[in-house]
Amino acid sequence: MRIASVEVVPYALPFREPYVTAVGSLDRREMVLLRLRSEEGLVGLGEAVPLSMRGGASLGQVARELTRLAEREALDEAALRGDVLSLSAPARCAALTALLDLRGRRAAAEGHAAAGTPPAVRCNATLIAGDPASVVAGAERWAADGFSTFKLKLGGGDEAATVRAVREALGPRAGIRIDVNGAWDVETAKQTLGELEPYEVELAEQPVATLEEAMEVARSTSIPLAGDESIESREDAERAAAMEACRVTGVKLSKVGGPVEAIEIAEVLPAYMSSALDGPVGIAAAGQVAVTLGEAAADGGPDLAHGLATQRLFASTIASVECRLEGDMLHLPEGPGLGVEIDEVALQAHRL
C-alpha cells in the first residue's frame, strides 16, 4: 500500500479542571494527530501523546520526527515500518496506529471488515490528586455515573487519610487503586503501603521509580504492585516478572510505541490499558488493545478495569465520532479501522 500524503497536526485539548498528580499539574493536554492518506483516498489516523513531564520526548521533537516522514518523496507501508524504528515511542505509536487504522479502512472498503458491534471494555475512574474531601467528592461523582473501580493519584499529601475517606464513602465493594507515579522512596513506600493495607487496595501503581526498588517494596506488602513508567518494553516486563517486582502492569500506547508492543508486554505480565491523557484516536486504539486483553482474561487471566475513561476529563474534543462511555463501559466506534472521525472545525480550533 502506497502512502500519497502525510499530515502532522499538533493540537491541544483543555481539561475541565487542572489535572494534578505527584509530578505536576496540567491545564491542557498537547498531542499530535497524524493522518496517512493512501493513493486510493483512504485516511488512517494515529496519535502521539508526548510524555515530557516524565522525561520523554517533547511535543516539538515528536512533531519534527513525524514531519520528516511527510518529507519523504516515496513512501509505502514497508518503508514506513522501517522508518519508524528510529522514532521516539510516541511518534512510533502514531505512525503504527495510523497504519493499522488505514489497513482496517482498506479492508472495509474491499468488503473484508468484521461485522457486528465492537465489544465494550470496563474502565476505572481516574481521580486527580487533592485533599481527602475533594477526592471523595470526585469519587462520588464517578460512582453516581456507574463506576466501581477508582484510581487515586497519590504522592503529595496525607495518603492514608485520602484512601480511608474514599473507602468509607464508597463502601467495601468499591475497587480502589492508587497511582504514585514513582514519587515515593523505598522507605516511604513501605511505610505508606503498610498504612493502606487495612483499606483493601486493589493495586499500587508505580509506587517507586525503579524495578529494583519495586522488588524490595513488594517483599514488604500484601498490596500487589503494578508497573507503569518502569515497564516500556517486553524486555522490561520479563525483567519485572523475573524479579517479582510487579504482579501486573499498566500500559500506555504512547509510552511503549504502539498496539503491537502493548500486546507483547501483556504476554509476559497481566496488563490493563491506561490513558496517557490521550485524545480520541489514542483512546480508540487503546480500546481495541483492551478488547484483545479481555479475550485473554476470558481464558483465565485477571479481569482488570482499564484506565481509558479519561475523555471525561476534557472540556472538548476534535472528533465527530469517537468512543462513548455508558456507565463504566467504554464502547468503541462501529466504523472501519479505529472508527474515529475528525471534526475539522474542532480540529482547527484546537491546533497549536
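**Talking through pockets, cavities and a helix**

Modeller: Let's start with the lining of the largest pocket: 17 of its residues are nonpolar, 8 polar and 4 charged. Bear in mind that this is a predicted model.

Biologist: How many residues line the largest pocket, and which lie nearest its centre?

Modeller: The lining has 29 residues, and those nearest the centre are Ala114, Gln288, Leu332, Gly337 and Leu338. By the class rule, Ala and Leu count as nonpolar, and Gly goes with the polar ones. So Ala114, Leu332 and Leu338 belong to the nonpolar class, whereas Gly337 is classed as polar.

Biologist: How much space lies in that pocket, and which helices each supply at least two residues of its lining?

Modeller: About 710 Å³. The elements that each supply at least two lining residues include the helices α3 (89-109), α10 (259-266) and α11 (280-298).

Biologist: What makes something a cavity rather than a pocket?

Modeller: A cavity is space where the probe fits but cannot get out, while a pocket is open. The search finds 2 cavities of 30 Å³ or more in the whole structure. The largest cavity has a volume of about 260 Å³. It is lined by 23 residues, with Tyr19, Arg29, Arg54, Lys153 and Leu277 closest to its centre. Two or more lining residues come from each of β1 (2-21), β2 (24-38) and β7 (149-153), and β2 gives the largest share, 3 residues.

Biologist: How do the classes split in the lining of the largest cavity?

Modeller: There are 7 nonpolar, 8 polar and 8 charged residues. Arg and Lys count as charged and Tyr and Leu as nonpolar, so among the residues closest to the centre, Arg29, Arg54 and Lys153 are charged and Tyr19 and Leu277 are nonpolar.

Biologist: What about the second largest cavity: how many charged residues does its lining have?

Modeller: None: the split is 6 nonpolar, 4 polar and no charged. The volume of this second cavity is about 30 Å³. Its lining includes Pro207, Val208, Leu225 and Cys246, and β10 contributes the most, with 3 residues.

Biologist: On to helix α6 (residues 186-196). Which of its residues are buried?

Modeller: Val186, Ala189, Thr192, Leu193 and Leu196 are the buried ones.

Biologist: How do you know that they line one face of the helix?

Modeller: Looking down the axis of α6, the buried residues fall within an arc of 135°, so they share one face. In general, an α-helix has 3.6 residues a turn, so residues three or four places apart point the same way. The face of α6 turned away from the buried side carries Glu187 and Gln191, both exposed.

Biologist: What covers the buried residues of α6?

Modeller: The cover includes α5 (159-170), β8 (175-179), β9 (201-205), α7 (211-218) and β10 (225-227).

Biologist: And at the start of α6, what makes the approach of aspartate 185 to glutamate 187 a polar contact?

Modeller: A side-chain oxygen of aspartate 185 comes within 3.3 Å of the backbone nitrogen of glutamate 187. The limit for an N or O pair is 3.5 Å, so that distance falls inside it.

Biologist: Why is lysine 255 called buried?

Modeller: Buried means under 20% relative accessible area. Lysine 255 has 7%, so it counts as buried. This lysine sits in helix α9 (residues 253-256) and touches Leu51, Ala89 and Asp228, among others.

Biologist: And why is serine 88 called buried?

Modeller: Its relative accessible area is 14%, so serine 88 is also under the 20% cut-off. Serine 88 lies in the loop between α2 (77-83) and α3. It touches Ala57, Gln61, Val62 and Glu65, leaving aside residues up to four places away in sequence.

Biologist: Why are glutamate 200 and glutamate 244 called exposed?

Modeller: Exposed means over 50%. Glutamate 200 has 57% relative accessibility, so it qualifies, and glutamate 244, at 65%, is exposed too. Glutamate 200 is in the loop between α6 and β9, and glutamate 244 in the loop between α8 (234-243) and β11 (248-251).

Biologist: What is phi for glutamate 200 and for glutamate 244?

Modeller: Phi is near 50° for glutamate 200, a positive value in a residue other than glycine. Glutamate 244 has a positive phi of about 55°, and it is not a glycine either.

Key. Residues numbered from 1 in each chain as written. Predicted model: local features only at pLDDT ≥ 70, side-chain atom pairs only at ≥ 80, totals over all residues. Heavy atoms only, no water. Buried < 20%, exposed > 50% of the residue type's maximum accessible area, 1.4 Å probe, protein only. Helix = DSSP H or I, 4+ residues; strand = E, 2+ residues; numbered from the N terminus. Arc of directions from axis to C-beta. Contact = heavy atoms within 4.5 Å. Polar contact = N/O pair within 3.5 Å; in protein donor to acceptor, adjacent residues only side chain to side chain. 1 Å grid on protein atoms, 1.4 Å probe; cavity = no way out; pocket = protein on both sides within 12 Å on 5 of 7 lines; lining within 4 Å. Points joined across faces, edges and corners; volume = space filled by probe spheres on them.
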